[in-house]
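The exercises below concern one protein model. Work through each task with the structure open, then compare with the solution.

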Amino acid sequence: MPFDYAPAPESRSIVDIKSSYGLFIGGEFVDGSGSAFKSISPASEEVLAEIAEATADDVDRAVRAARQAHTRVWSKLPGSERAKYLYRIARIMAERSREFAVLESLDNGKPIRESRDVDLPLVSQWFFYYAGWADKLSYAGLGPDPRALGVAGQIIPWNFPIMMLAWKIAPALAAGNTVVLKPAETTPLTALLFAEVCQQADLPPGVVNIVTGAGSTGQALVDHADVDKIAFTGSTAVGKAIARSIAGTDKVATLELGGKAANIVFDDAPLDQAIEGIVRGIFFNQGHVCCAGSRLLVQENVYDEVLERLKRRMSTLRLGDPLDKNTDIGAINSAEQLARITALSDAGDAEGAERWSVPCDLPDNGFWFAPTIFTGVTQAHRIAREEIFGPVLSVLTFRTPSEAIEKANNTPYGLSAGVWTDKGSRILAMADRLRAGVVWANTFNQFDPASPFGGYKESGYGREGGKPGLAAYLEGSPA
Ligand code: NDP
């Protein structure tokens, strides 16, 4: 039985949400020309703020500001000077992390425990890490005179809004590019607060520009003739559309798309840790994670034990107010995403898999989905093949390592995988044969700025993080 906890809400008074926000172009907030839209809290459906919509003309203004800042200022600064700005931003993000964490949980619906302890610490780590690279480009095996690409158009999703911003902006600026970034329509608020951080850091105007809007704003950025690079994280469908749009142009792209990762548990695994890893793999961030361990592969002889322990552990997960410090599972990010998760789960029922959900009360307002597992899943089921992007785990079994490899690789995606076993040699053998950009061993969903991240096949191309993440913003890079 779960314990009863008294509510422990984080105060939202630290955040000052304005009633409306403009676009951030050339170092200033300016009006947008499109129709303003609302950003709501997915946990309560409360309207948080009205947001300007950037049209193609506004995107053009932002790209021109970024080009001018690149030509006149940013490209002329030595790396050591760029580094100073990045260190300054890193420090401000660390100082203001509580404010950002509360705003992120309000706008996205993720538990404060995660925004406070995972997303925001990683944001300042990312800026610190790439600040350290900015003056070392010429000595890093990136060619004798590494040159920035110029203006980067960056399009990010709603699952890790401020973290994805940091993953995109930090390496781009360190390498000497200027950027125009479009946050997701449902989660623009932390990007707009970051615009204030750019002002606070005295970042030269136009080095970072933020244009808010929906898919058409992103499309205008992709189509703009003076953008040198597109960095995109999001769905495979939109990633493919972007690749088609830029085919035949001089633009380069990194595409970080979907996933359907296998989390493989062998019979010699430390089961207590493995259960924690399974839970972290699929229920972290409500399963809104491209590298989520959404397919659990359990060796047959420990299947019953794993299932029993997993259900017991899942029953202790606490779902509810994202700002409550005891909450493990927050709100689903939008009504649309909830509808997608519901439709795919219903397909699991219809195709004969067996559903089990944590018995819990769902709040009356907002968008919620109880942590769920499906057993009796076969590889043909849609819930074993398609990205659900929610707190839903499909459980399959295997008998031999080869069977595990075959099933794990039987997916159009190739972003991540997990292996749980006592044997180091087995970890290495499995990692060698798994077609996934990241393979975690006896852990899951761990991120580090020094560690490159990215996929194979329909999970996209190019790498973010580490030196490869820097190369992706320099001329002559493969990405
Ligand atoms: P999208 O791929 O539509 O959104 C990602 C970003 O791209 C958003 O900023 C979005 O804007 C923007 N965008 C949308 N259409 C275009 C376009 N034609 N040109 C340029 N930019 C565009 O993801 P969704 O939010 O629709 O989610 C759908 C599914 O995608 C999810 O269910 C999940 O399976 C997967 N997904 C995967 C992610 C990952 O990290 N791999 C992240 C998010 C989703 P806007 O939000 O304003 O529409």
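## Exercise 1: the largest pocket

The residues lining the largest pocket of this predicted model comprise 23 nonpolar, 15 polar and nine charged ones.

Task: State how much space lies in the largest pocket, which residues are the closest to its centre, and which helices and strands supply at least two residues of its lining.

Solution.
1. The space in the largest pocket comes to about 1,200 Å³.
2. Its lining counts 47 residues, and those closest to the centre are Pro157, Trp158, Ser235, Val238 and Arg340.
3. At least two lining residues come from each of these elements: strand E4 (37-40), helix H7 (215-223), strand E9 (229-233), helix H8 (236-246) and helix H11 (335-350).

## Exercise 2: overall dimensions

Task: Give the number of helices and strands in the protein, then decide how its radius of gyration stands against the globule rule.

Solution.
1. There are 15 helices and 18 strands in the protein.
2. For 479 residues the globule rule gives 23 Å, and the radius of gyration is 22 Å, close to that value, so the protein is as compact as a globular protein of that length.
3. The C-alpha trace spans about 65 × 50 × 35 Å along the principal axes.

## Exercise 3: the seven-stranded sheet

Task: Write down the strand order of the open sheet of seven strands, and explain why strands E13 and E17 each have one side without a neighbour in the sheet.

Solution.
1. The order reads E13-E14-E15-E12-E11-E16-E17, and the pairing is mixed.
2. E13 (354-357) and E17 (438-441) are at the edges with a single partner strand each, so one side of each has no neighbour in the sheet.
3. On average, and with direction ignored, neighbouring strands of this sheet are turned by 20° against each other.
4. Within the sheet, E14 (residues 372-375) pairs with E15 (residues 392-398) in the parallel sense, over three bridges. Isoleucine 373 has leucine 393 of E15 as its bridge partner.
5. Helix H9 (residues 271-283) lies across E11 (262-265), E12 (295-299), E14, E15 and E16 (416-420), and runs at about 170° to E11.

## Exercise 4: the three-stranded sheet

Task: Find the edge strands of the open sheet of three strands in the order E1-E5-E4, and identify what packs on this sheet.

Solution.
1. The pairing in this sheet is mixed.
2. E1 (20-21) and E4 are the edge strands, each pairing on one side only.
3. E1 and E5 (residues 47-51) run parallel and are joined by two bridges. Tyrosine 21 has isoleucine 51 of E5 as its bridge partner.
4. Helix H6 (residues 189-200) packs on the sheet and touches E1, E4 and E5, and its direction makes about 65° with that of E5.

## Exercise 5: enclosed space

Task: Count the cavities of 30 Å³ or more in the whole structure and describe the lining of the largest cavity.

Solution.
1. A search of the whole structure yields four such cavities of 30 Å³ or more.
2. The largest cavity holds about 80 Å³ of space.
3. Its lining has 15 residues, with Arg295, Ala408, Thr411, Ser416 and Ala436 nearest the centre.
4. By class, the lining of the largest cavity has eight nonpolar, four polar and three charged residues.
5. Helix H13 (401-409) and E16 each supply at least two of the lining residues.

Notes
Residues numbered from 1 in each chain as written. Predicted model: local features only at pLDDT ≥ 70, side-chain atom pairs only at ≥ 80, totals over all residues. Heavy atoms only, no water. Pairing = 2+ DSSP bridges. Helix = DSSP H or I, 4+ residues; strand = E, 2+ residues; numbered from the N terminus. Axes fitted to C-alpha atoms, helices over the stretch in contact; angles between N-to-C directions. Contact = heavy atoms within 4.5 Å. 1 Å grid on protein atoms, 1.4 Å probe; cavity = no way out; pocket = protein on both sides within 12 Å on 5 of 7 lines; lining within 4 Å. Points joined across faces, edges and corners; volume = space filled by probe spheres on them. Nonpolar A, V, L, I, M, F, W, Y, C, P; charged D, E, K, R; others polar. Rg over C-alpha atoms; globule rule 2.2 N^0.38 Å.
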